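Visitor: Please take one part of this protein and examine it closely with me. I should like to see how that part fits with what lies around it.

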Amino acid sequence: MTTADPAGYWARYVPGFAHIPSGTGIPVAGGAVIEIRFTAPVNQSQYPVGLAAPLPGLDLSGYQTLRDAKFGGYYDSATHIGLGVRATLPFRVLVLPGRLVLDVAHSW
């Protein structure tokens, strides 16, 4: 399953998450991984995050479906995020003013 918008993002299930230029694998916890690529740079002075690090300020405890979220770097004018989910479940992406929302189903 892939969800895309030609203006700025795509999201899809991937067999593994990696840093694009080096190909170095980035472990993401969960039964499946959704890679999200969006054409917006990360301002690291406002949102400090290191390669392969968990996304700062994101608390996934208490969620039934979400397991992990890792920063995959900024490359080729795009920011890459790996989101670990419980299983390969249906999802959709919503574009709201100033944000991208990933809505993952709790069951099939």
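Guide: Let us begin at Ala 52, which is partly exposed, with a relative accessible area of 32%; here buried means under 20% relative accessible area, exposed means over 50%, and partly exposed lies in between, with a 1.4 Å probe and protein chains only. Ala 52 is found in the loop between S3 and S4. Its phi is positive, about 70 degrees, although Ala 52 is not a glycine. As a rule, most residues other than glycine have a negative phi, and most peptide bonds are trans.

A word on the source is needed here. This is a predicted model, in which local features need pLDDT of at least 70 and side-chain atom pairs count only at pLDDT 80 or more, while totals for chains, interfaces and linings use all residues. Residues are numbered from 1 along each chain as its sequence is written, and side-chain values use heavy atoms, with hydrogens and water left out.

The protein has zero helices and seven strands; these are DSSP runs (H or I, at least four residues, for helices; E, at least two, for strands), numbered from the N terminus. From that terminus on, the elements run β-β-β-β-β-β-β. Of the 108 residues in the protein, 36% are buried. The protein exposes about 6300 Å², of which carbon and sulfur atoms supply 56%; such areas come from the Shrake-Rupley method with a 1.4 Å probe, and for residues only the protein chains shown count as cover.

The part I propose for a close look is strand S5. S5 is mostly covered, since eight of its eight residues are buried. The cover extends to both faces: Ala 78, His 80, Gly 82 and Gly 84 are buried on one side, and Thr 79, Ile 81, Leu 83 and Val 85 are buried on the other. In a regular strand, the side chains alternate between the two faces of the sheet.

Now consider the partners of S5. S3 and S5 run antiparallel and are joined by seven bridges; two strands pair if DSSP finds at least two bridges between them. Within this pairing, Val 33 has Gly 84 of S5 as its bridge partner. S4 also runs antiparallel to S5, with eight bridges between them. Here Lys 70 is matched with Gly 82 of S5, and Tyr 75 with Ala 78. The hairpin of S4 and S5 has two residues between the strands, and Asp 76 there takes a positive phi near 55 degrees.

One residue of S5 deserves attention in its own right. His 80 is placed in this strand and is buried, with a relative accessible area of 5%. Leaving aside neighbours within four places in sequence, His 80 is in contact (heavy atoms within 4.5 Å) with ten residues named here in full: Phe 17, Ile 20, Glu 35, Ile 36, Arg 37, Lys 70, Phe 71, Gly 72, Gly 73 and Tyr 75.

S5 also takes part in the nonpolar interior. A nonpolar core is a set of buried Ala, Val, Leu, Ile, Met, Phe, Trp, Tyr and Cys residues joined through side-chain atoms within 4.5 Å. The largest has 19 residues, and those with the most contacts inside it are Tyr 13, Ile 34, Val 85 and Phe 91. At least two residues of this core come from each of strands S2 (9–14), S3 (32–38), S4 (66–75), S5 (78–85) and S6 (91–96). A second, separate core of five residues includes Val 14, Ile 26, Val 28 and Val 33. Among the residues that Ile 34 touches, not counting those up to four places away in sequence, are Ile 81, Gly 82, Leu 83 and Val 85.

Finally, there are the charged pairs. Two salt bridges are counted, each being a side-chain nitrogen of Lys or Arg within 4 Å of a carboxyl oxygen of Asp or Glu. Lys 70, which we met as a bridge partner of Gly 82, forms a salt bridge with Asp 68, the closest N and O atoms being 3.5 Å apart. Asp 68 is buried at 12%, and Lys 70 likewise counts as buried at 12%. The other pair is Asp 103 and Arg 92, at 2.8 Å from N to O. Asp 103 lies in strand S7 (residues 99–104) and Arg 92 in strand S6, so this pair ties together parts that are eleven residues apart in sequence.
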